[in-house]
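Visitor: I should like to go through this model with you, one feature at a time. May we begin once it is on display?

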Amino acid sequence: MSVAGSSRRFALAGAATLAVLWLVPFYYAVSTICKSTAQYLSGTPLSLPPSLSSLPGNIEAAWAQTQMGQGMLNSLGYGVLGAGGAVLAAASAAYALARIVFPARTTWFMVIFAGTVFPFQIYLIPLFQGYARFGLLNTRLGLLMAYMAICVPFPTLVLRNHMGQIPRDLDEAARMDGCSHFRIFRSIILPNSTGPLIALFLLQFTWIWNDLIFSMVLTTETAQRSVMNALMVFQGNYAGTTPNLVITASVLASLPTVAVFLLLRRYFMQGLSLSVHA
Amino acid sequence: MPGVTIEGLQKWYGGSQVIRDLHLTIPDGAFVALVGPSGCGKSTTLRMIAGLEMPSGGRIYIGSEDVTARPPAKRGVAMVFQSYALYPHMTVRDNLEFGLRVAGAKLADRVRRVTAAAEMLHLSDLMERRPSQLSGGQRQRVAIGRALVREPSVFLFDEPLSNLDAQLRAAMRIEIKRLHQTLRTTVIFVTHDQTEAMTMADTIVVMRDGNLEQIGSPLEVFERPANRFVAGFIGAPSMRMFDGRVEQDRMVLADGTALQLPGHVAHLAEGTEVTMGLRPEDLVVEGHGTLPVRPCFFEAPVLLTEPLGNETLIVMPFAESEAVARMYRPRPVAPGEVLRFAVDLDRIHVFDQKSGESLRRASAPGQT
């Protein structure tokens, strides 16, 4: 009893420490966005703000200086189309790899999966040079294509495993019902994969939304840059911005992904279990 | 309603042949059971008839049409799977209707067929449920309904009762049989359970290692098994086998027990090495059941009993092995108790010891 009790107390203490460690930056962000520049500079970084009155001004200034509206719109487009397209392409590939017997099936899978083996940064220089040659630099299509290509391999791996677990009898029953491969994919396999599809969409959307490096390398103009790239106006020798505005802009830029997660978390949790209930 | 004809069907998986030159004619409206142990090729044969597997050789005809290369949906067959294979994301109604939608059937036609199938299978109250909200028996009925709405020429059942408990299985056996009697559609039913085959089918096809071992009515394969394999496979408890040799008009077993040869093998030559088959039904306990016309009595101690209520199975030593007898209207029996048994000499089976083939004279009458 005492051993069990002390180990439980130890676990609780550990959990509480981790929770505090996690909450400190969170508290720092929330308190900082409520301070004016003067308030921030006059107190310690973790001091409580005197009131919430500085918050609207911070939001207004951060939004205007970063031209966040344009950045968010761009990122929304990249995120929805890039993650959606990638997950759909990955689902098609996964269906073929999991359910259709064709020559060199494993080799094809390895070719696709190889995309996750190397760090993405190694693609930057060849991608930049190739884009420059084909006129894709500073285009939304160019950045979208890069995001979509990067986001295909991981969902392919996950969906191939998931689709491999869906009973094969379902395909055969559908074939008896007169379905083509495309119809089986559309009417049987996809509806039974909604959990993983949404979970993967969320993961890839978040990755695209949070990406900075590809947006920085492949776009230089406000019209095409992503929201994270928009935050870069606060960086540099002459930016002259205080942390309250930087943090406000960062929090604003993070809110859409939090909102998407909250809206779709049920599917996200379902998707993580990656199971099919017949 | 067309029957099914199979000519020289073969199936190879890599270097291994699982179906060897199968010839089979299934008449219109027949209820045929393909039975055999696991791996005998019965499911593969069914899947080739369904179009889910491509034969490596041979032809399949449904009616007079060669359907060997046709896709499954264009063969006029419908299949009920062992796992039911209901679409988990669809309601019962959608499951029933899906095939008709894919085929492009008009709404009125779809409604008519789905309603008729639902009424026939007592599914009307379950139409908006998902498969996960149904019991095993209900799922089974939906699976049958899904096949039914397609109004096929041939129904294919792939061990559809194996996932049900014993009580439900017995109930579904009757339902499927009743359905066949109503529709008179050709049914091909795969099972490894010989009781299922015996009780439901009007023709039984016994398979082993991709070969057809015997085809006949349930009574025929039970009473006149073509070989030792069929004899052992059909009947529960299974037929017990005892090696022996023919001496004059008798069969002498390993321990010297001599039994008069039954009439249907009276032609066997002196010295023929044989295997005698004895079913529990043909070995009765004196005083418990009707004695045979030509009995051969012997006494033996009881080794083991299996009380089944209406009868008790009794295991006793016989010819250096063990035999099983049925004790009708049973009384309590203790192991070690000596009982008097009677073998029905007219009903013993005799097989060639080497080939395993039945040695019954072709013209010999049935054992009924």
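**The interface and the interior of a predicted model**

Visitor: How many residues does each chain bring to the contact?
Guide: This is a predicted model. In it, the contact draws on both chains, with 24 residues from chain B. Chain A brings 17 residues.

Visitor: Which three residues supply 27% of the area that chain B buries against chain A?
Guide: Between chain B and chain A the buried area is about 1800 Å², and 63% of this comes from carbon and sulfur atoms. On the side of chain B, no other three residues supply more than the trio in question. They are Y87(B), P88(B) and H89(B).

Visitor: Which residues form a salt bridge between chain A and chain B, and how far apart are the closest N and O atoms?
Guide: The rule finds one salt bridge across this interface. E172(A) is the partner from chain A and R47(B) the partner from chain B. The closest N and O atoms of the pair are 2.6 Å apart.

Visitor: How many residue pairs are in polar contact across the interface, and which elements of chain B supply at least two residues each to the side that touches chain A?
Guide: Polar contact across the interface of chain B and chain A is found for eight residue pairs, with both residues at pLDDT 80 or more. On chain B, the elements that supply at least two residues each to this side are α1 (42-50), β6 (77-80), α2 (92-102) and α4 (136-148).

Visitor: How is the side of chain B that touches chain A divided by class?
Guide: Five residues on this side of chain B are polar and four are charged. The nonpolar residues number 15.

Visitor: Which elements give two or more residues to the lining of the largest cavity?
Guide: The whole structure holds four cavities of 30 Å³ or more, and the largest has about 60 Å³ of space. Its lining includes A173(A) and M176(A) from chain A, and A78(B), M79(B), R146(B) and A147(B) from chain B. The elements that give two or more residues are α9 (168-176) of chain A, with β6 and α4 of chain B.

Visitor: How many residues in the lining of the largest cavity are charged?
Guide: The lining of the largest cavity has six nonpolar residues and no polar ones. Among its residues are D177(A), R146(B) and R150(B). The charged residues number three.

Visitor: Which element gives the largest share of the lining of the second largest cavity?
Guide: The second largest cavity has a volume of about 40 Å³, and its lining divides into six nonpolar, two polar and one charged residue. Both β7 (154-158) and α5 (166-183) of chain B supply at least two residues of this lining. The largest share, four residues, comes from α5(B).

Visitor: Which element of chain A gives the largest share of the lining of the second largest pocket?
Guide: The second largest pocket holds about 250 Å³ of space. Of its 13 lining residues, R99(A), I100(A), R168(A), R175(A) and H181(A) lie nearest its centre, and by class the lining has seven charged, five nonpolar and one polar. At least two residues each come from α4 (68-99), α9 and α10 (181-189) of chain A. The largest share, four residues, comes from α9(A).

Visitor: Which backbone nitrogen lies 2.9 Å from a polar atom of the side chain of D352(B)?
Guide: D352(B) lies in strand β21 (residues 349-352) of chain B. Leaving aside neighbours within four places in sequence, D352(B) is in contact with R228(B), E273(B), E357(B) and L359(B). The C-alpha atom of D352(B) is also 8.5 Å from that of N227(B), 125 residues apart along the chain. The backbone nitrogen in question is that of S355(B).

Visitor: Where does P237(B) lie, and which residue does a cis peptide bond join to P237(B)?
Guide: P237(B) lies in the loop between α8 (228-233) and β11 (240-247) of chain B. Omega of the cis peptide bond is about -5 degrees, and the residue joined to P237(B) is A236(B).

Visitor: How far apart along the chain are E281(B) and R326(B), whose side chains meet in a salt bridge?
Guide: Over all chains the rule counts 24 salt bridges, and the one between E281(B) and R326(B) has an N to O distance of 2.7 Å. E281(B) is in the loop between β14 (273-278) and β15 (283-285) of chain B, whereas R326(B) is in strand β19 (residues 321-328). The pair links distant parts of the chain, 45 residues apart.

Definitions and conventions. Residues numbered from 1 in each chain as written. Chains lettered and ligands numbered in written order. Predicted model: local features only at pLDDT ≥ 70, side-chain atom pairs only at ≥ 80, totals over all residues. Heavy atoms only, no water. Contact = heavy atoms within 4.5 Å. Buried area = accessible area lost by both parts, 1.4 Å probe. Salt bridge = Lys/Arg side-chain N within 4 Å of Asp/Glu carboxyl O. Polar contact = N/O pair within 3.5 Å; in protein donor to acceptor, adjacent residues only side chain to side chain. Nonpolar A, V, L, I, M, F, W, Y, C, P; charged D, E, K, R; others polar. 1 Å grid on protein atoms, 1.4 Å probe; cavity = no way out; pocket = protein on both sides within 12 Å on 5 of 7 lines; lining within 4 Å. Points joined across faces, edges and corners; volume = space filled by probe spheres on them.
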